Amino acid sequence: MVDPDTAIGGAGDRFPSTQLSLLEAAAGALPNEALERVIALYWKPVYAFLRFKWRLDNEAAKDLTQGFFANALERDFFRRFDPAKAGFRTYLRMAVERFAANEYAAGRRQKRGGGVEFAEMEERSDGESPEDVYFREWRRQLFALAIDDLRAHCEASGRLTEWRVFEAYDLADESRPSYADLARRHEIAETSVTNYLAWARRTMRALLTDRLRGVTSGERELREEMRRVWS
Amino acid sequence: MELSDSVLQHLREVVDLPDLSGTRYELESEIGRGGIGVVYAARDRDLDRRVALKVMDAGWAGEARLIARLEHPGIVPVHESGTLPDGRVFYAMKLVAGKRADRYLEDHPSLGERLRVVQRVGEALAYAHSCGVLHRDLKPQNVMVGAFGEVYVMDWGVDGVAGTPAFRAPEGGFDQRSDVFSLGALLQFVLPADAPRALCAISAKAMHADPAARYPDAGAMLADIWRFQEKLAVEAYPESIGERVRRFAKRNEVMLWLLAAYAAVRFFLFFIGTR
Ligand SMILES: Nc1ncnc2c1ncn2[C@@H]1O[C@H](COP(=O)(O)OP(=O)(O)OP(=O)(O)O)[C@@H](O)[C@H]1O
């Protein structure tokens with residue numbers, strides 16, 4: 001990615017949209033890049049979905065996920081995607097279901113070995129459906145990628161203190177340090193803690209939007225997905 | 001990076017919070033999320049009053065300008081618009097204390113009160129049309145009824161993301177008549193099950209599948225509702241002779257009673273006279 005701070009001038013660290021939408025990328029000479037973006041975001045949710053929906057063990061789910069991304073995502077996969085019918089997230093999930101159903105049929109034909117053992121599960125005991133698990137893991141992975149992007153961006157632009165403050169405060173799993181603690185620890189003013197956190201958060205939001213832009217068909221779908229992320 | 005549920009939840013909250021430093025507003029709480037933005041209650045420090053702040057992704061600044069142009073008691077006044085440090089845009093507007101029209105109905109208002117809501121909405125719509133602005137997504141969720149009976153139509157000119165098909169004209173495009181369709185659907189929505197037939201006919205005419213068969217504009221539909229309230233014949237409803245007589249009787253109730261009384265007196269006098 002282009003360093004946004006040098007790519008555009010002006011105040012406010014505003015990010016340009018360097019990310020092509022999925023369809024632009026797939027139509028152009030960039031199918032590999034489009035594919036990478038899809039896999040980075042979708043591997044974990046697809047794995048979790050397969051695992052819960054068909055009660056697979058870890059290994060079987062991994063194999064099937066691997067098989068899906070290796071076989072199903074050819075160029076044609078992107079060309080057949082029609083944003084008027086469904087969003088990309090749903091389109092991909094339906095493709096996973098079709099793929100798994102075919103594998104299941106193949107496994108039955110072979111009778112033993114080879115094919116995967118399936119036992120379909122519609123709902124978990126806590127009422128969560130496989131589709132809910134898919135969405136939840138998709139959202140988690142989206143944030144995880146945006147955090148990775150933020151760290152890379154901080155490292156590339158020499159904003160290490162900003163990153164450390166953000167990491168210590170917003171990524172704290174148990175007790176959060178106070179702003180005063182953070183100010184002392186990094187030898188900065190408390191107002192800087194406030195400013196650094198505000199900067200890191202809005203930068204992360206921009207990076208997350210960019211990640212989403214890369215896996216949606218355009219502004220409309222992007223907006224819908226943003227809304228889902230925060231619903 | 002493995003994210004726990006609690007960290008994810010925290011991030012979702014803080015990453016989306018608008019950074020209002022450098023503005024005159026202080027965030028109070030989130031009111032709700034719509035198709036294109038989030039609405040917050042905020043405090044305007046300079047004027048010491050509460051406002052509603054709508055925060056949207058860049059590219060939607062047009063919405064504020066569109067609404068700011070519309071000055072009408074049925075349209076929420078916009079105070080100011082601006083840009084946040086992260087590039088998102090916001091506008092500040094009057095904070096409406098009240099209920100969305102769909103929730104308002106849960107209090108079982110009278111037929112007259114229900115009609116009043118539709119009339120206020122229709123007036124705002126007619127005004128906006130006269131300014132060349134279409135609503136495009138009129139539905140009960142976009143109408144607010146205030147604590148003192150004020151009615152506000154929200155979300156002008158924005159092609160809603162999760163559109164509500166029941167309130168959308170079937171032809172798909174947008175013009176005055178597609179807004180009239182939505183106004184008809186709103187009327188149908190607020191009418192109780194035992195609503196008079198003439199009112200159902202008004203909403204049916206407004207919602208006609210053929211745009212040319214609808215009321216040409218919101219004003220014409222309002223005029224028909226007004227005729228109903230004045231117990232005049234409604235354009236949308238060809239009534240039977242019986243219904244006509246009954247409506248005539250109702251409208252002219254006092255006069256008919258007077259006539260009857262007069263006839264009775266004459267009758268009585270006639271007998272006295274001939275005795
Ligand atoms: N000025 C206001 N005062 C009080 N509440 C408001 C105001 N404007 C909007 N709201 C409330 O904020 C919430 C979100 O509003 P918003 O206009 O963003 O979306 P929406 O109408 O729900 O959906 P859409 O944008 O898809 O039409 C709604 O519940 C709405 O009633």
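This is a short conversation about reading a predicted model, looking at chain B and at where chain A meets it.

Trainee: Where do I start with chain B? What helices and strands are there in chain B?

Mentor: Keep in mind that this model is predicted. Chain B has nine helices and eight strands. Its domain assignment lists domain 1 (5-94), domain 2 (98-238) and domain 3 (242-273).

Trainee: How do I get a feel for the overall form? What radius of gyration does chain B have?

Mentor: You set the value beside the one for a compact globule of that length. For 275 residues such a globule would come out near 19 Å, while chain B has 25 Å. Then look at the box: along the principal axes, the C-alpha atoms of chain B fill roughly 110 × 40 × 40 Å.

Trainee: Now the domains. How many residues do domain 1 and domain 2 of chain B each bring to their contact?

Mentor: First find the two centres, which lie 28 Å apart when taken over C-alpha atoms. The contact between them uses 17 residues of domain 1 of chain B and 15 residues of domain 2 of chain B. Together these domains bury about 1300 Å², and 70% of that is on carbon and sulfur atoms.

Trainee: And the charged links? Which side chains meet in a salt bridge there?

Mentor: For a salt bridge, you look at the gap from N to O. Between domain 1 and domain 2 of chain B the count is one. B:K54 and B:D155 form a salt bridge through their side chains, at 3.0 Å from N to O. The polar contacts between these two domains come to four residue pairs, both residues at pLDDT 80 or more.

Trainee: Which helix gives the largest share of the domain 1 side?

Mentor: That's helix α2 (residues 61-69) of chain B, with four residues. Sorted by type, the domain 1 side that touches domain 2 has nine nonpolar, three polar and five charged residues.

Trainee: Let's move on to the two chains. How many residues of chain A are in contact with chain B?

Mentor: There are 29 from chain A, against 30 residues of chain B. The pair of chains buries about 2800 Å², with 54% of it on carbon and sulfur atoms.

Trainee: How many salt bridges are counted between chain A and chain B?

Mentor: Three. B:D5 makes a salt bridge with A:R140, where the closest N and O atoms are 2.8 Å apart. You'll also find ten residue pairs in polar contact between the chains, both at pLDDT 80 or more.

Trainee: Which helices of chain A should I look at on that side?

Mentor: Try α7 (130-156), α8 (160-170), α10 (190-213) and α11 (219-229), each of which supplies at least two residues. The chain A side that touches chain B divides into twelve nonpolar, two polar and 15 charged residues.

Technical notes:
Residues numbered from 1 in each chain as written. Chains lettered and ligands numbered in written order. Heavy atoms only, no water. Domains from an automatic or database assignment. Contact = heavy atoms within 4.5 Å. Buried area = accessible area lost by both parts, 1.4 Å probe. Salt bridge = Lys/Arg side-chain N within 4 Å of Asp/Glu carboxyl O. Polar contact = N/O pair within 3.5 Å; in protein donor to acceptor, adjacent residues only side chain to side chain. Nonpolar A, V, L, I, M, F, W, Y, C, P; charged D, E, K, R; others polar. Rg over C-alpha atoms; globule rule 2.2 N^0.38 Å.
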